[in-house]
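User: Could you take me through one part of this model in detail, and then show me how that part sits in the rest of the chain? I'm at the bench most of the day, so plain language is welcome.

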Amino acid sequence: MQYNVTLKENASPEELSKAKETAKSQGGEITHEFSLIKGFTVYFPDDKMSTLESNEHIHVEKDGEVKTQ
């Protein structure tokens, strides 16, 4: 499954680096890095999601299609 991972407002840039390393070490593949916001898209095994979600400095959500009217 693909997820968007973004840094929370009060977090340091180092926390983003840590989140990337955690994602990679747990079998994730970073497929895109954002330039306007601090974050990335990662293909990550569903059974390892608790590893990313336990980080209090990032927000994790499933990647999906966004529609407007």
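**A close look at T41 and its surroundings**

Analyst: Happy to! Let's begin at T41, which sits in strand 3. Please keep in mind that we are reading a predicted model.

Is T41 buried or exposed? Its relative accessible area is 4%, and because the cut-off for buried is under 20%, T41 counts as buried. The side chain of T41 has a polar partner: it makes a polar contact with the side chain of N4, at 2.8 Å. Leaving aside neighbours within four places in sequence, T41 is in contact with Q2, Y3, N4, E29, I30, T31, H32, F34 and D63.

Now step back one residue, to F40. With neighbours within four places in sequence again left aside, the contacts of F40 include Y3, N4 and V5, and also I30, H32, E33 and F34. L16, A19, K20 and A23 are in contact with F40 as well.

F40 also leads us into the largest nonpolar core, which has 14 residues. Which of them have the most contacts inside this core? They are V5, F40, V42, F44, L52, I58 and V60. Several elements contribute: strand 1 (2-7), helix 1 (13-25), strand 3 (39-43), helix 2 (49-53) and strand 4 (58-62) each supply at least two residues. As background, nonpolar side chains in soluble globular proteins tend to be buried together.

Strand 4 deserves a stop of its own, and E61 lies in it. Here the relative accessibility is 41%, so E61 counts as partly exposed. Not counting residues up to four places away in sequence, E61 touches Y3 and N4, and both Y3 and N4 are also on the contact list of T41. The side chain of E61 makes a polar contact with the side chain of H59, at 3.4 Å. For a sense of distance, E61 and S50 are 11 residues apart along the chain, and their C-alpha atoms are separated by 12 Å.

One loop residue adds to the picture. N55 lies in the loop between helix 2 and strand 4. With a relative accessible area of 19%, N55 is buried, because the cut-off is under 20%. Its contacts, leaving aside neighbours within four places in sequence, are E15 and A19, and A19 appears among the contacts of F40 too.

How does all this fit into the whole chain? There are 2 helices and 4 strands, and from the N terminus on they run β-α-β-β-α-β. The radius of gyration is 12 Å, close to the 11 Å that the globule rule gives for 69 residues, so the chain is as compact as a globular protein of that length. Its C-alpha trace spans about 35 × 30 × 20 Å along the principal axes. Among contacts with a separation of 6 or more, 58% are between residues 24 or more positions apart. Of the 69 residues, 30% count as buried. The chain exposes about 4900 Å², with carbon and sulfur atoms supplying 45% of it.

Finally, a word on confidence. The mean pLDDT of the chain is 91, and 100% of its residues reach 70 or more. Confidence is highest in strand 2 (residues 29-33), at a mean of 96, and lowest in helix 2, at 86.

Note on methods: Residues numbered from 1 in each chain as written. Predicted model: local features only at pLDDT ≥ 70, side-chain atom pairs only at ≥ 80, totals over all residues. Heavy atoms only, no water. Core = buried A, V, L, I, M, F, W, Y, C linked by side-chain atoms within 4.5 Å. Buried < 20%, exposed > 50% of the residue type's maximum accessible area, 1.4 Å probe, protein only. Contact = heavy atoms within 4.5 Å. Polar contact = N/O pair within 3.5 Å; in protein donor to acceptor, adjacent residues only side chain to side chain. Rg over C-alpha atoms; globule rule 2.2 N^0.38 Å. Areas by Shrake-Rupley, 256 points an atom, 1.4 Å probe, with all protein chains shown as cover. pLDDT = per-residue confidence, 0-100.
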